[in-house]
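Dear colleague,

I am passing on the structure we spoke about, and below it I have set out what was found. Please read the notes with the model open beside them.

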Number of protein chains: 2
Amino acid sequence: MTFSPQKITIGFIGIGVMGKSMAGHLMAKGYRMHIYTRTKQKARELLDKGAIWEDSVASLALKCQVIISMVGYPHDVEEVYLGDGGIVANSRPGTITADMTTSSPELAGRIYSEAKARNVHALDAPVTGGDRGAREATLSIMVGGDESDFSAMLPVFECMGKTIVYQGSAGKGQHCKLANQIAIAMTLIGVCESLSYSRRAGLDEQKMLQSVSSGAAGSWQMSNMAPRMLKGDFAPGFFVKHLLKDLNIAAEQAARMGFNAPGLSLAKTLYDKLVALGEGESGTQALLKLYR
Amino acid sequence: MTFSPQKITIGFIGIGVMGKSMAGHLMAKGYRMHIYTRTKQKARELLDKGAIWEDSVASLALKCQVIISMVGYPHDVEEVYLGDGGIVANSRPGTITADMTTSSPELAGRIYSEAKARNVHALDAPVTGGDRGAREATLSIMVGGDESDFSAMLPVFECMGKTIVYQGSAGKGQHCKLANQIAIAMTLIGVCESLSYSRRAGLDEQKMLQSVSSGAAGSWQMSNMAPRMLKGDFAPGFFVKHLLKDLNIAAEQAARMGFNAPGLSLAKTLYDKLVALGEGESGTQALLKLYR
């Protein structure tokens with residue numbers, strides 16, 4: 001099988017903010033696209049551009065050589081892959097799948113094994129870069145699974161991302177994404193405490209940022225999120241509830257590894273509180289509200 | 001008074017790694033330079049270039065229109081400024097001083113008031129950028145005190161730094177630096193936990209960094225410190241013991257403000273442990289050792 005757009009049909013499951021852009025890029029490169037998502041209305045734009053609607057995961061799986069999923073939570077991933085009507089049970093031998101949802105490494109491992117038993121090739125390929133990275137095709141894609149499958153899928157990934165790295169065996173893409181989320185969560189706490197400290201100390205927070213952003217305290221979070229926090233813009237680029245989901249998965253993994261990660265524990269506690277305050281649908285920068 | 005190199009003599013107190021570079025830049029711009037530091041040997045290079053040695057703070061203070069200090073701990077700052085043989089008691093009226101040590105905002109306020117009572121103009125002007133920033137004259141300088149004194153000193157600061165921001169009244173330079181240290185400490189914890197998680201998960205940490213460094217998890221600490229950690233290079237750019245000093249000052253300030261900063265508390269706990277492990281003289285990136 002070659003992966004030129006002329007030769008293969010891609011199935012895309014999960015047309016949310018991310019999925020819509022990602023599938024759109026693949027279509028723009030000429031790939032034939034079949035799509036399935038829970039709320040058909042969300043697929044409208046892609047259908048208008050020529051994507052073909054499928055009424056179920058099973059019917060999509062039957063028709064595609066490559067299947068990409070971008071759904072919500074691990075239980076969604078489990079259903080889409082391992083359910084009776086799922087990808088593994090209904091794909092043809094030789095199909096390559098890539099779950100780009102941030103999900104659990106163990107689940108990625110189970111999908112890999114069950115898929116392999118049916119001669120289906122499963123990759124876990126979560127991404128960072130958010131809605132903007134999806135829109136601009138500049139995502140970082142972290143891939144776990146067999147390296148030969150990674151190589152075969154590279155042209156497909158390259159339509160959606162800029163930094164595409166093979167991280168190792170099944171689940172390693174997910175582990176890498178979790179490592180990413182740990183760093184993000186801690187950095188955000190630092191940005192929030194730094195801003196809150198400044199406000200209480202009577203500093204002008206904008207001037208503080210001017211002094212510190214470009215130095216050793218600087219971070220993507222500080223450069224991109226602190227200005228939004230100061231404008232009171234807590235709109236979601238990335239949902240609080242999704243970061244909490246990821247931190248919970250990371251904390252479970254850490255516990256399993258016997259890894260004592262006090263920063264991760266603190267982050268989980270703070271984001272738990274934030275969800276309890278009703279901020280689950282806010283952007284992660286809403287963490288600042290805990291400090292006010 | 002004008003601040004052209006031809007017209008004024010600068011006194012520099014504290015010729016350590018930072019001070020040597022900073023005083024050197026001022027001399028290179030043509031300022032006459034008198035220096036005092038505890039260990040005369042450390043001043044050798046500057047003396048060879050024409051700086052004039054002073055045997056005491058008092059004798060230096062008598063001869064200079066501008067006095068800059070870059071010493072170790074708040075108690076050193078207190079002695080240098082407020083002791084009997086100190087700057088405040090021995091400077092001529094009209095002298096402008098800038099303490100560039102990272103020290104306590106309250107002490108900066110006391111120095112400002114006691115100096116003002118003798119018609120001496122005191123600024124607090126701590127820096128970020130480390131030894132490299134000092135060497136390359138790219139420091140970020142955060143200044144507290146009277147704005148007119150800041151304006152007068154700007155040409156002097158510009159010889160040593162790139163980002164020079166007036167932060168407000170006396171002590172505000174120090175507050176800004178503390179906000180900087182809070183962000184650094186948290187970001188570093190995130191980098192360490194992210195790396196440690198990766199190692200335990202069986203990832204190649206270099207590949208993990210390749211995937212995450214340029215995205216939303218990215219930071220100066222990740223880009224600059226993580227590669228050194230992975231090489232086992234724990235040499236000090238910035239000492240663990242000095243970061244702990246700063247975190248202690250920040251925590252005292254936070255307590256005074258009634259500011260509950262759980263991230264800062266955690267950072268203080270972790271760096272306390274690191275010093276207890278004998279790593280006080282290592283670079284801050286040695287935090288990784290706590291996780292091994």
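Strands, as the word is used here, are DSSP runs of E with at least two residues, and they are numbered from the N terminus. The model is a predicted one, and every value below should be read with that in mind.

I begin with one acidic residue of chain B. B:Asp124 belongs to strand β6, which covers residues 121–124 of chain B. What is the nearest side chain of opposite charge to this buried residue, and how far away is it? It is that of B:Lys172, at 8.8 Å, and because a salt bridge requires a side-chain nitrogen of Lys or Arg within 4 Å of a carboxyl oxygen of Asp or Glu, B:Asp124 is left without one. The side chain of B:Asp124 does, however, reach backbone nitrogens: that of B:Gly171 is at 2.8 Å, and that of B:Gln174 lies 3.0 Å from one of its polar atoms. Setting aside residues up to four places away in sequence, B:Asp124 also touches a list of residues that includes B:Asp99, B:Ala108, B:Met142 and B:Val143, together with B:Gly144, B:Gly145, B:Ala170 and B:Lys172.

Further along chain B, B:Ala286 is found in the segment after α13 (262–276). Is B:Ala286 buried or exposed? Its relative accessible area is 0%, and since anything under 20% counts as buried, B:Ala286 is buried. Leaving out residues up to four places away in sequence, B:Ala286 touches B:Phe234, B:Leu274 and B:Glu279. B:Asp99, which is among the residues that B:Asp124 touches, is 187 residues from B:Ala286 in sequence and 28 Å from it in space, C-alpha to C-alpha.

In chain A, I looked at A:Gln285, whose place is in the segment after α13 of that chain. A:Gln285 counts as buried, because its relative accessibility is 0%. A polar atom of the side chain of A:Gln285 lies 3.0 Å from the backbone oxygen of A:Asp233, and A:Asp233 is also listed among the residues that A:Gln285 touches, along with A:Leu188, A:Met225, A:Arg228, A:Met229, A:Phe234 and A:Ala235, residues up to four places away in sequence not being counted. A:Gly237, although 48 residues from A:Gln285 in sequence, is 9.0 Å from it in space, C-alpha to C-alpha.

As for how the two chains are arranged, a rotation of 180 degrees, with 0.0 Å of shift along its axis, superposes chain A on chain B with an RMSD of 0.0 Å. The two copies are therefore related as by a two-fold rotation axis, and the C-alpha of chain A nearest that axis is that of A:Ser219, at 1.9 Å.

The contact between the chains takes 57 residues from chain A and 57 residues from chain B. Since 100% of the interface residues of chain A are also interface residues in chain B, the copies meet through the same surface. The area buried between them is about 4500 Å², with 65% of it given by carbon and sulfur atoms. Between chain A and chain B the count of salt bridges is 0, whereas 18 residue pairs are in polar contact, both residues being at pLDDT 80 or more. Several elements of chain A each supply at least two residues of the side that touches chain B, including strands β8 and β9 and helices α10 and α12. The largest share of that side, 19 residues, comes from α9(A).

With best wishes

Terms used:
Residues are numbered from 1 along each chain as its sequence is written. Chains are lettered from A and ligands numbered from 1 in the order in which they are written. This is a predicted model: local features need pLDDT of at least 70, side-chain atom pairs count only at pLDDT 80 or more; totals for chains, interfaces and linings use all residues. Side-chain values use heavy atoms; hydrogens and water are left out. Helices (H or I, at least four residues) and strands (E, at least two) are DSSP runs, numbered from the N terminus. Buried means under 20% relative accessible area, exposed over 50%, partly exposed in between (1.4 Å probe, protein chains only). Lys and Arg count as positive and Asp and Glu as negative; His and the chain ends are not counted. A polar contact is a pair of N or O atoms within 3.5 Å; within protein, one must be able to donate a hydrogen and the other to accept it, and residues adjacent in sequence count only if both atoms are side-chain atoms. Contact means heavy atoms within 4.5 Å. Copies are superposed by least squares on the C-alpha atoms of residues with pLDDT of at least 70 in both. Buried area is the accessible area (1.4 Å probe) that two parts lose on being put together, summed over both.
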